[in-house]
Amino acid sequence: MHKPKPLRALSLALILAAGLSGCAVFQKCSPENCAMDAQINAEVASTLAEHRELGPPAALSIQTINGVVYLSGTVDTEFEIRNAESIARRVPNVKDVVNNLNSRSNGR
């Protein structure tokens, strides 16, 4: 059996300790950010629902994390993909939009 060298073992222990401590202090969001994310999410959903050309509101999935809105789902055209992103960007307090929408017309 091969014994690990002390320096390698120490390096591995330090890497693992650093990774675990990062996991312990990282939170998905603070209470203030979570409340703001919920508000942004509701406003984006409500605003997109007003645009009937994007299809039924349930066809789009919206998730907001730390002010970043993630859009996913399927719409009819590439234009609607860009339109949905533009609409989401205009909602107050949105920091960025990650657009993962697909269109039926070209398989994006």
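The following exchange goes through the fold, the sheet, a cavity and some loop residues of a predicted model.

Reader: In what order do the elements of the protein chain run from the N terminus on?
Author: The protein chain holds 3 helices and 3 strands, and 25% of its 108 residues count as buried. Read from the N terminus on, its elements follow the order α-α-β-β-α-β.

Reader: What share of the contacts in the protein chain with a separation of 6 or more comes from residues 24 or more positions apart?
Author: A contact here means heavy atoms within 4.5 Å, and the share is taken over contacts with a separation of 6 or more. Among these contacts in the protein chain, the part that residues 24 or more positions apart account for is 62%.

Reader: Which strands are the edge strands of the sheet?
Author: The sheet is open and is formed by 3 strands in the order S1-S2-S3, with mixed pairing. An edge strand pairs on one side only, and this holds for S1, residues 60–65, and for S3, residues 96–103. From one strand to the next the twist averages 10 degrees. The edge strands are therefore, with pairing taken as at least two DSSP bridges, S1 and S3.

Reader: Which residue in S2 is the bridge partner of leucine 60?
Author: Strand S2 covers residues 68–75 and runs antiparallel to S1, with 6 bridges joining the two. For leucine 60, the bridge partner in S2 is glycine 73.

Reader: At about what angle does helix H3 run to S3?
Author: Two helices can be placed against the strands, and one of them is H2, residues 31–49, which packs on the sheet, touches S1 and S2, and has a direction that makes about 155 degrees with that of S1. Helix H3, residues 78–89, lies across S2 and S3, and its angle to S3 is about 160 degrees.

Reader: How many residues of each class, nonpolar, polar and charged, are in the lining of the largest cavity?
Author: The count comes to 1 cavity of 30 Å³ or more, and the space in the largest cavity is about 30 Å³. Its lining consists of Leu48, Ala49, His51, Leu54, Gly55, Pro57 and Leu60. Glycine is counted with the polar residues in this scheme, and the lining divides into 5 nonpolar, 2 polar and no charged residues.

Reader: Where is asparagine 66 found, and is asparagine 66 buried, partly exposed or exposed?
Author: Asparagine 66 has a positive phi of about 50 degrees although it is not a glycine, and it is found in the loop between S1 and S2. Its relative accessible area is 31%, and the class between 20% and 50% is the one called partly exposed. Asparagine 66, in the S1 to S2 loop, is thus partly exposed.

Reader: What is the relative accessible area of asparagine 93?
Author: Asparagine 93 also is not a glycine and has a positive phi, here of about 75 degrees. It is found in the loop between H3 and S3. Asparagine 93 is partly exposed, and its relative accessible area is 47%.

Reader: How far apart in space, C-alpha to C-alpha, are arginine 90 and valine 44?
Author: Arginine 90 is found in the loop between H3 and S3, and it counts as exposed because its relative accessibility is 57%, where exposed means over 50%. Arginine 90 and valine 44 are 46 residues apart in sequence, while their C-alpha to C-alpha distance is 8.9 Å.

Methods
Residues numbered from 1 in each chain as written. Predicted model: local features only at pLDDT ≥ 70, side-chain atom pairs only at ≥ 80, totals over all residues. Heavy atoms only, no water. Helix = DSSP H or I, 4+ residues; strand = E, 2+ residues; numbered from the N terminus. Axes fitted to C-alpha atoms, helices over the stretch in contact; angles between N-to-C directions. 1 Å grid on protein atoms, 1.4 Å probe; cavity = no way out; pocket = protein on both sides within 12 Å on 5 of 7 lines; lining within 4 Å. Points joined across faces, edges and corners; volume = space filled by probe spheres on them. Buried < 20%, exposed > 50% of the residue type's maximum accessible area, 1.4 Å probe, protein only.
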